[in-house]
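User: Hey, can you walk me through a model I just opened? I'd like the overall picture before the details.

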Amino acid sequence: KHQLVLLKRLYSLARRWGLYEGPNPMDRVDIPKLDNQKTEFLTDEETERLLAVLDAWPFHDSAAFVKFAMFTGFRRGELFKLTWDHVDFERGMITLAAPKGGKTITVPVSTEALQILKELPVTSTFVFPGRDGAMRTDFKGPWIRIRKAAGLPEDFRFHGLRHNFASNLVSAGVDLAVVRELLTHKDTRTSARYSHLKPDAVKAAAQKSAGILTGAKKANVIEIKK
C-alpha cells in the first residue's frame, strides 16, 4: 500500500513540477485497504512485574518516565516536550503543547502520576531531560532493557502503555468520550481503537449476562407456579 501511494504521489509531483505531462497511471489502480491497527495491553501479572522492575530500577529517571506514561497514557513525544512550567501540582493538571499536531490542551492527571513527578529532581526546564539538560529525543534503549527485565513480550512497544492505559479505563467502565478527552484525540474514530477490552473483562461480562438470563428464567418459573 505504501509503495503504491508513494508512486502516485511521485507522478503528481512530477506533473506539478513540469517534469511529466501525461496522466497519472496510478489513478486507475485500486489502493488496498489494510487493517493494521494494533491494540496492546498488559495482563495483571505483566503489570505487576513491570511495576516491580521499575521500583527497583537503578536509573530513577528512566523508571519515572515509564511509570508516568503508564499512569497518564501520554505519548512518548509529549513526555519529551513536557516542561515544569506545564505542570500544575495544585490543580492536578498537565498542559500538553501541541499534542501530535493539535492545539495545546490541559488535561487532568491522577495523584499517583503527580507523585512520580514530585520525586524527580529539577535539573532542567524539561521534566524528563536528555543529555546536558536538553530535550530528550529517544528512549528506545532504556525501554528495551526495562521490557526485557520485566519479561514482557518482545513486540510490546512503549506506545503499548498508552493502549494499556485506555483499555484499563474502558474495562473499568469509563465512558469512551472521557477516555477520548484524556487521550487528546480530535477524532472519535481514533479513540475507538482503544476501546478494546481485556479478555477478563469480556469473560466477566459474558458470565454476567448468563446470570441475568438465569435469574430471569427463575423469576418466570416462580411467577408461573403462583
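Analyst: Sure, we can start with the overall picture and then go into whatever parts you like.

User: How much confidence does the chain get, as mean pLDDT?

Analyst: Keep in mind that this is a predicted model. The protein chain has a mean pLDDT of 85, with 81% of its residues at 70 or more.

User: Which elements have the lowest and the highest mean pLDDT?

Analyst: Helix 9 (residues 188–192) is the lowest, with a mean of 61. The highest is helix 6 (residues 140–149), at 97.

User: OK, and how many helices and strands are there?

Analyst: The chain has 10 helices and 3 strands. Reading from the N terminus, the order is α-α-α-α-β-β-β-α-α-α-α-α-α.

User: What about burial and long-range contacts?

Analyst: Of the chain's 226 residues, 35% count as buried. Among contacts with a separation of 6 or more, 59% come from residues 24 or more positions apart.

User: Let's zoom in on helix 3. How many of its residues are buried?

Analyst: Helix 3 is mostly covered, with 10 of its 13 residues buried. The buried ones include Ala-63, Ala-64, Phe-65, Phe-68 and Met-70.

User: What do those buried residues pack against?

Analyst: Their partners are helix 2, helix 4 (76–81), strand 2 (93–96), helix 5, helix 6 and helix 7 (160–171).

User: Does its length add up? I mean, what span should helix 3 have?

Analyst: With 13 residues at 1.5 Å each, helix 3 should span 18 Å, and its end C-alpha atoms are 18 Å apart, so that agrees. Just after the helix, Gly-73 takes a positive phi of about 75°.

User: Pick one residue in there for me. What does Ala-64 touch?

Analyst: Leaving out residues up to four places away in sequence, Ala-64 touches Ile-116, Leu-120 and Phe-128. The C-alpha atoms of Ala-64 and Ile-116 are separated by 6.3 Å, though the two residues are 52 apart along the chain. Ala-64 is buried, at a relative accessible area of 3%, and the cut-off for that is under 20%.

User: Switching to charges. How many salt bridges does the structure hold?

Analyst: There are 6. One of them joins the side chains of Lys-67 and Asp-55, at 2.5 Å from N to O. Lys-67 sits in helix 3 (residues 60–72) and Asp-55 in helix 2 (residues 44–56), so this pair ties together parts 12 residues apart in sequence.

User: Is Asp-55 buried or exposed?

Analyst: Asp-55 is exposed, with a relative accessible area of 57%. Lys-67, on the other hand, is among the buried residues of helix 3.

User: Any others worth a look?

Analyst: Arg-75 and Glu-78 form a salt bridge at 2.4 Å, N to O, and both residues are buried. Arg-180 and Glu-181 make another at 3.5 Å. Glu-181 is partly exposed, with a relative accessible area of 44%.

User: Now the aromatics. How many aromatic pairs are there?

Analyst: The structure holds 11. In one of them, the ring centres of Tyr-11 and Tyr-20 are 5.2 Å apart and the planes are at 65°, so the pair is edge-to-face. Tyr-11 is partly exposed at 28% relative accessibility, and Tyr-20 is partly exposed at 28% as well.

User: And which rings are linked into a cluster?

Analyst: Ring pairs link Phe-65, Phe-68, Phe-74, Phe-80, Phe-128, Phe-139, Trp-143, Phe-156 and Phe-158. Arg-136 also lies over the face of Phe-65, 5.7 Å from the ring centre.

User: Last topic, backbone oddities. Where does a residue other than glycine have a positive phi?

Analyst: Asp-132 does, with phi near 60°. Most residues other than glycine have a negative phi. Asp-132 lies in the loop between helix 5 (111–118) and helix 6, and at 80% relative accessibility it counts as exposed.

User: What about the start of the chain, helix 1?

Analyst: Helix 1 (residues 2–16) has 15 residues, which at 1.5 Å each should span 21 Å; its end C-alpha atoms are 21 Å apart, so the two agree. Just after helix 1, Gly-18 has a positive phi of about 80°.

Conventions: Residues numbered from 1 in each chain as written. Heavy atoms only, no water. Helix = DSSP H or I, 4+ residues; strand = E, 2+ residues; numbered from the N terminus. Expected span 1.5 Å × (residues − 1). Salt bridge = Lys/Arg side-chain N within 4 Å of Asp/Glu carboxyl O. Buried < 20%, exposed > 50% of the residue type's maximum accessible area, 1.4 Å probe, protein only. Phe/Tyr/Trp six-rings, centres within 6.5 Å; stacked < 30°, edge-to-face > 60°. Lys NZ or Arg CZ within 6 Å of the ring centre and 35° of its normal. Contact = heavy atoms within 4.5 Å. pLDDT = per-residue confidence, 0-100.
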